[in-house]
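Visitor: I am new to this structure. Please take me on a close look at a single part of it.

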Amino acid sequence: MSRIHGIYPLTQGAAQPPEPTVVPAVDPQAGEELRKFKSQLHHRLVMSMDLTAMVTLSRDQLKNEVRRVADELCQRSANLLNKQERERLVNEVLDETFGLGPLEPLMSDPTVTDILINGPRTVYAERHGKLELTNVTFSDEAHLRQVVQRIVSQAGRRVDETSPMVDSRLPDGSRLNAIIPPAAIDGALVSIRRFSAKPIQAADLVRNGSMPAEMLEFFSAAVKARLNILVSGGTGSGKTTLLNVLSAFIPEDERIITIEDAAELKLQQRHVGRLESRPSNAEGAGEISTRSLVKNALRMRPDRILIGECRGAEALDMLQAMNTGHEGSLTTVHANDTREALGRLEIMVGMAGFDLPTWVIRRQISSAIHLVVQVSRLLGGERKIIKVSEVTGVEGENYLMQDLFVFKQTGLDERRRAVGQFHATGTRPNCTERLAALGVGLPPELFQRRVLHPTPR
Ligand SMILES: Nc1ncnc2c1ncn2[C@@H]1O[C@H](COP(=O)(O)OP(=O)(O)OP(=O)(O)O)[C@@H](O)[C@H]1O
Ligand SMILES: [Mg+2]
């Protein structure tokens, strides 16, 4: 019998005849052979462990047991390996079993921002906005799944054939989405959004050309004056990053409640309550919806509510909150333009199941949302804030919106990266009086029609 619950002995019970150990004896000098040997040793380890029970054991208990199993395998089959070599091999396999395995080098590289895995042999990484194929591989599909399983079970989630999609978080705060067969046709697909230990700050966005300093000055005043701001953008365009940057302008004495699917925001303030939604469990119970969290947040006397991403019915509760004294709330939405973002909100409000007339929804939206900010990942990988629109009302079918700042792309440089210029459109926003009344007035010249240069003033 296994000494620790959760790790099976190499043979599981008397009913099953001992399976012959098939790990071959190898010449330790032969790199390829060693790699194969390691992969087989790893496979044997995986086969001898009950992965679901692993989470209940302490890390040290697990390590000891795995070391014992690995040592035994090595001794039995690889007499050619000397003690030192065996120790190294055992350590490598332990790393793969307890760490992130082949992903470790990518995870410890601070320039990697995204890791995209298309099955065990194809791992892409994004650095400086550029996605490239890496030489990282997993031994096989089972190995990849095992790493995924381990990551998600640490966060109390699961992924299997009956529930093949999962959103989770790594211990360092990175976000992970995995989808496995049968939903993924050719093997597991994993997307990891690295969490940077040093989050991008407002000044970084000006320095790296994501926005001009004038735009940042406006955002700072808008957040302080409690405007409700909707950040809109495509996948990976920088919505969460901008939300985080905007949140930094919230005064320290305000109570903030954040609501996210997978907690990513890193607020600088101390008075923050963080909530996280949760999908249902295998029995279809235990779901914590974003909507229920928004409703609950309203009972927590928040000054501001930050919703990481608005995707569904919670839009209705969020708009109501924004319209009823929780101004200064911030959220993001998946859309390609500031006007489209409001259309997306309408659809989401519809998901709440009330048969509200469109004009009522539009009125709610136009009075709740003050600003819509469009972020975009441009050709070549650079992220920019390409439009800031103010919502001024609704007339008939249409929202009344005015653009305050825009980025106009003029072409591509020799490396096929987008180039262009930021412009202040010359429109003085309706909110200027509100900003002034709240002591964060801005000089009218800030909005004067001209080209803005994304360098610190
Ligand atoms: N303005 C920026 N300049 C440089 N890098 C950025 C910028 N904005 C975001 N990034 C980087 O781009 C990646 C995606 O950013 P982020 O998570 O904010 O996007 P998102 O739109 O929220 O993505 P998703 O749709 O997956 O939620 C991150 O690695 C982030 O560090
Ligand atoms: Mg995001």
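Guide: What follows starts at ligand 1 and then turns to a sheet.

This is a predicted model: local features need pLDDT of at least 70, side-chain atom pairs count only at pLDDT 80 or more, and totals for chains, interfaces and linings use all residues. Residues are numbered from 1 along each chain as its sequence is written, while chains are lettered from A and ligands numbered from 1 in the order in which they are written.

Start with the ligand. Ligand 1 is surrounded by 17 residues. A residue counts here if its C-beta atom, placed from the backbone, lies within 6 Å. The closest are Thr113, Gly238, Lys239, Thr240 and Thr241. Two elements give two or more residues each: strand 1 (112-118) and helix 9 (239-247). Helix 9 gives the most, with three. Helices are DSSP runs of H or I with at least four residues, strands are runs of E with at least two, and both are numbered from the N terminus.

By type, the shell holds two nonpolar, eleven polar and four charged residues. Ala, Val, Leu, Ile, Met, Phe, Trp, Tyr, Cys and Pro count as nonpolar; Asp, Glu, Lys and Arg as charged; the others, Gly among them, as polar. Domain 2 (102-193) and domain 3 (202-452) each give at least three residues to this shell. Their bounds come from an automatic or database domain assignment.

Now the sheet. Ten strands form an open sheet with mixed pairing, in the order 9-8-10-11-7-12-13-14-15-16. Strands pair if DSSP finds at least two bridges between them. Strand 9 (272-276) and strand 16 (450-452) are the edges, each pairing on one side only. Strand 7 (229-233) and strand 11 (330-334) run parallel, joined by five bridges. Ile229 has Leu330 as its bridge partner in strand 11.
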